[in-house]
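I opened this one to look at its empty spaces and its ligand. Here are my notes, in the order I took them.

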Amino acid sequence: MGRAAIGPGSQYYLERLTLNIFLFDLIQFNSIRLDPIAGSWQFNDMLACIILVSWLALLWLYFLWSRRRYYKAAWQLPGPVGWPFIGMGLQMMNPQTFLQYMDGLSHKYKAPFISWMGTNCFLYVNDPQTVEQIFNSTHCTNKGDFYRFMSSAIGDGLFTSSSPRWQKHRRLINPAFGRQILCNFLPIFNAEADVLLEKLDVEGVQRGKSLEIYEILKKIVLEAACQTTMGKRMNFQHDGSKAIFEAYSGITEVCVKRMLSPWLYPELIYRWSRLFDRQQKVVGVLFGFVEQLLQPAVSVVGVEDSDANKQLEEEQHQHQHQHQRQQQQQRRIKSKSIFIEQVREHVERGQQMSWQDVRDEANVIIAATFETTSTALYFTILCLAMHPEYQEKLHDELCAELPEHGDISIEQLERLSYTEMAINESMRLFAPVPMVLRRAGQDLELRRDDGVYLIPSGTQIGIDIYNMQRDVRVWGPLARTYNPEAHFGPDAPTRHAFAFVPFTKGLRMCIGYRYALLLMKLLLAKIFRCYRISTAARLEQLLVKGNISLKLKEYPLCRVERR
Ligand code: HEM
């Protein structure tokens, strides 16, 4: 440490000064306790205690002084204070009640308000005006501190990384999610939809069982994600690659468990825990899976191409070369569209990304698709199962726009406006990612109707998407009901542009939102065109759990009938 770092006026100066006084006094104290009249309290013992207490008090005052800007912000935007040292940690870290608890607080205090997570200053936001300022601020692009547990488990991919790494990777990866690329995924999505229908038919119709649809959907979505990211079919629906399915299911569970266990925050303690062993096992499976596919997938394309080349030569002799060339061209276009093929060029040409970066990004993209899209899809099906009147309207649209059988094209999907309303309404009521966390990288000026407030750099910011999207103050009296037309229909009142943000907005918006909407629309269209789904569950009985993605305490069963 240089001289400047410990000189007067430096952050450490006061601490070092008081530490020196304390050490000096300890030496004095020991020499006096060796006195023959040891055992009885003496003046010097008392003095030592007073100095010790004063030293601690001084340190405490210094701690408070160094955080004075946070206290000023908390005084201006008052919220619940909570307990010393843990703040609102206990309540906020209970996934069973956390979202309901925050909803209660947002009615008691005027949001945005400041509270405390441990000793961290925590700004809670749940109104569209403030959400807009946060999402559009260049000072708030980095994620909250909690996300570091995710990056230490699954790798530092787009979801968790900070600038400048995030900016560079986002720029390189963005083209991999363009419209044209997504169109190439339609054959995969159509094929997976057929596997889903077969499963629903065999299990739900022919065997007449009530189904836990969420599990089936998770496998379908993961299968699609593995194919479009890595170009590999896993056969999850028929219990193929079970370990990989379980690893993707388990990874967020491990991260959330660590987030909820403050004693496991220090890396040194965590490495001795059983949870760490579990994390290592899961991560080993995931990284092994992606790594094993990375290089071979690259060369598989090459092998396929050279195989095709040889074949082509042979068939040229048979005067069929024109047809073969077309086929080869198609295969190349197809392989180019999968994620690793898209980013492979960045590794090989520009050295802007390493293979490890690609591995991390591929893993995060598969996990992000799996967690969120299966959740959103499940809640849409459940909402439609609980509301047969809207399911009928959806079916009418599907009958009008789609043929009875066969694959669905992008043009047909784009015409399904009621299907889109049904999806949006379920993502409004059951935000698949209920809360996102950001960190103020620099001081931030927050504008409210009653003035401008300074949010100091380092403040953790929680954007409560779940409660904002079902707030009667934002969405009117029907806010807590499922009603696609009332909230997204052509005659629905205009809402604030940031009142509905399931994918967030701004610089850090979800990169896969088009992908997710396309996949969900296609699967829903295929299901509800041929089947009717019902359930005994009621909307008001569902108990949600706040997690990285929204969960239910219990998943109701659904019945499937052929139309
Ligand atoms: C219904 C489905 C989905 C929902 C609700 C959803 C929601 C979100 C949300 C809320 C974020 C956090 C953004 C923020 O902090 O501001 C996010 C980020 C992200 N999502 Fe999605 N997502 C979905 C599907 C997908 C899919 C299908 C993919 C990939 C194909 C994907 C990849 C990502 C990635 C890579 C990020 C990080 C983006 C960045 O920070 O630059 N998501 N998503």
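The entries below go from the pocket to the ligand.

**Entry 1: the ground rules.** I am working with a predicted model, so I read every value here as computed from it.

**Entry 2: the pocket.** I looked up the largest pocket first and found a volume of about 880 Å³. It is lined by 35 residues, and M93, M117, F146, M259 and L437 are the closest to its centre. I then checked which elements give two or more residues to this lining: they are α5 (89–92), α6 (98–108), β2 (120–125), α8 (148–154), α13 (242–259) and β3 (435–439). Sorting the lining by class gave me 25 nonpolar, eight polar and two charged residues.

**Entry 3: where the ligand is.** Next I asked where the ligand sits. I found the ligand in the largest cavity. The elements giving two or more residues to its shell are α9 (165–173), α18 (355–386), β3 and α25 (513–530). Helix α18 supplies the largest share, six residues.

**Entry 4: the shell.** I counted 26 residues around the ligand, with W166, R170, R438, R508 and C510 coming nearest. By class, the shell divides into 17 nonpolar, five polar and four charged residues.

**Entry 5: polar contacts.** I noted three distances to oxygen atoms of the ligand. For T504, a side-chain N or O atom is 2.8 Å from a ligand oxygen. For K143, a polar side-chain atom lies 3.1 Å from a ligand oxygen. L158 takes part through its backbone, with an N or O atom 3.2 Å from an oxygen of the ligand.

How values were computed
Residues are numbered from 1 along each chain as its sequence is written. This is a predicted model: local features need pLDDT of at least 70, side-chain atom pairs count only at pLDDT 80 or more; totals for chains, interfaces and linings use all residues. Side-chain values use heavy atoms; hydrogens and water are left out. On a 1 Å grid over the protein atoms alone, a cavity is a set of points where a 1.4 Å probe fits but cannot get out, and a pocket is an open set with protein on both sides within 12 Å along at least five of seven lines; lining residues have an atom within 4 Å of a point. Grid points are joined across faces, edges and corners, and a volume is the space filled by probe spheres set on the points. Helices (H or I, at least four residues) and strands (E, at least two) are DSSP runs, numbered from the N terminus. Ala, Val, Leu, Ile, Met, Phe, Trp, Tyr, Cys and Pro count as nonpolar, Asp, Glu, Lys and Arg as charged, and the others, Gly among them, as polar. A residue is near a molecule or strand if one of its heavy atoms lies within 4 Å of it. A polar contact is a pair of N or O atoms within 3.5 Å; within protein, one must be able to donate a hydrogen and the other to accept it, and residues adjacent in sequence count only if both atoms are side-chain atoms. A molecule sits in a cavity or pocket if more than half of its atoms lie within 2 Å of its grid points.
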